[in-house]
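Visitor: Could you walk me through this model and explain the terms as we go?
Guide: Gladly; here it is.

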Amino acid sequence: MSLKHSLEGLLDRGEAELKNFTEGHHVPSIPQSSKPAPPVSTSSKPSSSSSQPYWQPNFHSSIPVSQYFQHECGQHGWGNNEAQNYTEATTNSFHTSDHKLVLRAVVNSLAPANETKYTSARLISHQKLGRQRGCLVATLSPPCASGVWPAFWLLPSQPFTWPNDGEVDIMETWNGDCVNHSCLHWGHYNGEDWNKHRVKETHMPNIGQPQGHVYAFAWQQPEDGQGGQAVWYIDGQPVMKSSIPEGTRRMEDWKVIINVAMGGNVCQGRLPADGEYHLVVHELKLCEEPAGGWHTFERDWNAAPEGHPM
């Protein structure tokens with residue numbers, strides 16, 4: 001028999017044996033524990049903007065925080081009789097090995113020096129919003145405890161006049177109340193300026209969850225930078241809207257601020273217990289448009305509630 005015929009005979013016998021085996025045996029299914037997990041419902045996981053970012057800091061542990069942010073330092077009450085000393089020390093702000101930015105407030109009430117009893121970080125982005133319209137997006141896990149006041153907010157670049165040039169608060173919570181306060185301020189806290197503050201409270205029992213929540217602020221203004229519209233979002237849902245007040249600084253000139261304050265007027269004089277309190281920034285970016293584009297922004301503008309006066 002030729003080599004070719006021998007090989008063909010072997011192949012025929014092999015195919016016949018394989019057919020007999022598979023017909024007489026059941027192929028086992030993949031164990032349930034080995035199957036891919038079902039997709040998580042979009043309602044239970046944060047949704048970030050899919051728009052291409054024009055600024056997104058890299059939180060790699062080898063990169064200093066100062067590459068993207070200025071540290072504002074000092075212990076002078078910060079206008080609210082706050083207790084913390086803001087430092088540029090790496091114990092108070094740093095990047096982690098899994099690419100997170102962490103602001104760490106540290107309380108050591110037994111420290112011999114007053115400036116080391118309450119230490120924290122206050123960061124201001126080198127980057128401005130830089131656009132007539134856009135969307136700022138951050139995924140955050142803030143601390144939630146008595147006497148602690150974490151915030152993610154915006155102020156015009158210096159020099160500026162507070163409050164006339166404006167202030168935007170995107171994420172802030174205090175005293176462990178598990179409430180986020182979306183705010184717009186452009187007036188003093190007096191009777192005359194009672195209508196120059198807008199706020200919307202969002203109750204968030206899991207505000208500090210490890211995976212974070214997505215906070216966003218989208219704005220659009222005409223070319224002269226006067227007036228316009230703004231919408232605040234949490235996990236993709238519009239929670240507040242406001243017209244941008246005439247006379248405030250044009251939005252493209254504003255910068256991002258992230259900080260953890262302690263004590264003071266807002267916390268009603270309460271001071272936190274000894275320990276560490278972490279504000280974790282999982283992601284931060286500036287995008288050309290909000291998730292869903294500007295047509296979605298228009299829909300959200302029509303649907304979102306106005307903030308109420310404080």
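What follows is a short talk about one strand and one pocket.

Guide: This is a predicted model, so local features need pLDDT of at least 70, side-chain atom pairs count only at pLDDT 80 or more, and totals for chains, interfaces and linings use all residues. Residues are numbered from 1 along each chain as its sequence is written, and side-chain values use heavy atoms, with hydrogens and water left out.

Visitor: Why is strand 13 called mostly covered?
Guide: Buried means under 20% relative accessible area (exposed is over 50%, partly exposed in between; 1.4 Å probe, protein chains only). In strand 13, residues 213-220, eight of eight residues meet that mark. On one side these are His-213, Tyr-215, Phe-217 and Trp-219, and on the other Val-214, Ala-216, Ala-218 and Gln-220.

Visitor: What makes strand 8 and strand 13 a pair?
Guide: Two strands, each a DSSP run of E with at least two residues, numbered from the N terminus, pair if DSSP finds at least two bridges between them. Strand 8 (residues 133-141) and strand 13 have eight, in the antiparallel sense, so they qualify. One of the bridges joins Leu-140 to His-213. Strand 14 (residues 229-234) also runs antiparallel to strand 13, with six bridges, and Tyr-215 has Ile-234 as its partner there.

Visitor: Which kinds of residue make up the lining of the largest pocket?
Guide: The lining divides into 14 nonpolar, five polar and five charged residues. Asn-80, Trp-149, Trp-162, Glu-167 and Tyr-189 lie nearest the pocket's centre. Strand 9 gives the most to this lining, with four residues.

Note on methods: 1 Å grid on protein atoms, 1.4 Å probe; cavity = no way out; pocket = protein on both sides within 12 Å on 5 of 7 lines; lining within 4 Å. Nonpolar A, V, L, I, M, F, W, Y, C, P; charged D, E, K, R; others polar.
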